[in-house]
Amino acid sequence: MLRVRLLEPIIPVSVTHSNLKESALLVRHITLLEALEVSHGVLDLACGSGRNGRYLLGRGLPVVFADIDGEKLASLTAVDVPDPAMMRLWEVDFEQKTNNPLAGKTFDAILIFNYLHRALIDRIKQAVRPGGLVFYETFTEQQRRFGRPSNPNFLLKPGELKSWFETWQIIHCEELERACPPSHVASLVARKP
Ligand SMILES: C[S@@+](CC[C@H](N)C(=O)[O-])C[C@H]1O[C@@H](n2cnc3c(N)ncnc32)[C@H](O)[C@@H]1O
């Protein structure tokens with residue numbers, strides 16, 4: 001009888017933003033974050049798997065991981081950190097109508113990747129301390145050519161991301177097509193005056 005041994009199971013893996021490694025934008029500009037005098041920590045807003053925040057933890061930066069999905073946050077408890085104070089988990093709904101969960105909170109930097117809720121933009125800007133940074137990258141309207149998201153609420157208009165930070169120092173801003181996964185995004189790094 002012919003015996004066939006499967007050495008490796010074939011598991012279809014889809015490339016999504018959540019199972020990719022840390023964002024190239026963050027890696028490219030990591031020295032900006034490392035040069036910050038950190039007293040409040042970095043907020044990884046709508047962190048999902050926390051790929052970006054985990055990268056910062058590895059560079060010695062304290063991170064608050066925030067998401068509405070408690071299960072995703074729970075998976076982050078497995079992350080090994082030398083000092084538990086470096087990492088905080090925050091289960092939160094950023095789309096509450098009456099309550100602003102960022103009110104009274106201050107961060108040295110806020111990361112927003114693959115998430116858009118326009119009503120939150122001013123709240124995000126207020127929550128960054130003077131001299132602090134925003135890293136923002138998400139889909140543009142051109143993303144429709146590649147599939148989801150296609151809801152206009154989740155897609156940036158041309159120039160929209162930059163327009164929100166006009167009064168800040170814009171360090172990086174571009175709108176481009178990405179090969180993997182095929183997508184169209186706008187990205188920005190800006191410093192609060
Ligand atoms: C597309 S994922 C992006 C995850 C991560 N930023 C990344 O790029 O890998 C969007 C994340 O937003 C979170 N999210 C959606 N609505 C939210 C809300 N109202 N408040 C907080 N997080 C929310 C989801 O749970 C999900 O983890």
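A residue is taken as buried if 20 or more other C-beta atoms lie within 10 Å of its own, as exposed if 12 or fewer do, and as partly exposed in between. In the predicted model described here, buried residues on this criterion make up 28% of the 193 residues in the protein chain. The protein chain has six helices and seven strands, and from the N terminus on its elements follow the order α-α-β-α-β-α-β-β-α-β-α-β-β. Among contacts between residues at least 6 apart in sequence, 57% join residues at least 24 apart.

The seven strands belong to an open sheet with the order 3-2-1-4-5-7-6, in which the pairing is mixed. Strand 3 (87-91) and strand 6 (169-178) are the edge strands, each of them pairing on one side only. Neighbouring strands of this sheet are turned against each other by 15° on average, direction ignored. Helix 3 (residues 51-58) packs on the sheet, where it touches strand 1 (42-45), strand 2 (63-67), strand 3 and strand 4 (107-113). The direction of helix 3 makes about 170° with that of strand 2.

Strands of a sheet pair through backbone hydrogen bonds, either parallel or antiparallel. Strand 1 takes part in two parallel pairings, being joined to strand 2 by four bridges and to strand 4 over four bridges as well. Val 42 appears in both ladders, since this residue stands opposite Val 63 in strand 2 and opposite Ala 109 in strand 4. The side chains of strand 1 are divided between two directions, with Val 42 and Asp 44 pointing one way and Leu 43 and Leu 45 the other way, and all of these residues are buried. Together with helix 3 and strand 2, strand 1 makes a right-handed β-α-β unit.

Antiparallel pairing is found towards the other end of the strand order. Strand 5 (residues 128-139) and strand 7 (residues 183-191) run antiparallel and are joined by seven bridges, with Glu 137 standing opposite Ser 187 in strand 7. Strand 7 also pairs with strand 6 in the antiparallel sense, over nine bridges, and the bridge partner of Ile 170 is Ala 190 in strand 7. Strand 6 and strand 7 form a hairpin, with four residues between them.

The loop between strand 6 and strand 7 contains Pro 181, and the peptide bond from Cys 180 to Pro 181 is cis, with omega near -5°. A second cis peptide bond leads from Arg 148 to Pro 149, again with omega near -5°; Pro 149 is found in the loop between strand 5 and helix 6 (160-164). Most residues other than glycine have a negative phi, and most peptide bonds are trans.

Positive phi values are found for Ala 46, at about 55° although the residue is not a glycine, and for Asn 114, which is likewise a residue other than glycine and has phi near 60°. Ala 46 lies in the loop between strand 1 and helix 3, whereas Asn 114 lies in the loop between strand 4 and helix 5 (121-127). With 23 other C-beta atoms within 10 Å, Ala 46 reaches the cut-off of 20 or more and is therefore buried. Asn 114 has 19 C-beta neighbours inside 10 Å and, because this count falls between the limits of 12 and 20, is classed as partly exposed.

Ala 46 is also among the closest of the 18 residues that surround the ligand, a group that further includes Gly 48, Ile 68, Glu 95 and Phe 113. The residues of the shell around the ligand divide into seven nonpolar, five polar and six charged.

Helix 5 includes Ile 121, which has 17 C-beta neighbours inside 10 Å and so counts as partly exposed. Ile 121 and Leu 161 are 40 residues apart in sequence, and their C-alpha atoms are 9.7 Å apart in space.

Technical notes
Residues numbered from 1 in each chain as written. Predicted model: local features only at pLDDT ≥ 70, side-chain atom pairs only at ≥ 80, totals over all residues. Pairing = 2+ DSSP bridges. Axes fitted to C-alpha atoms, helices over the stretch in contact; angles between N-to-C directions. Contact = placed C-beta atoms within 7 Å. Near = placed C-beta within 6 Å. Nonpolar A, V, L, I, M, F, W, Y, C, P; charged D, E, K, R; others polar. Right-handed = clockwise from strand over helix to strand, strands pointing away.
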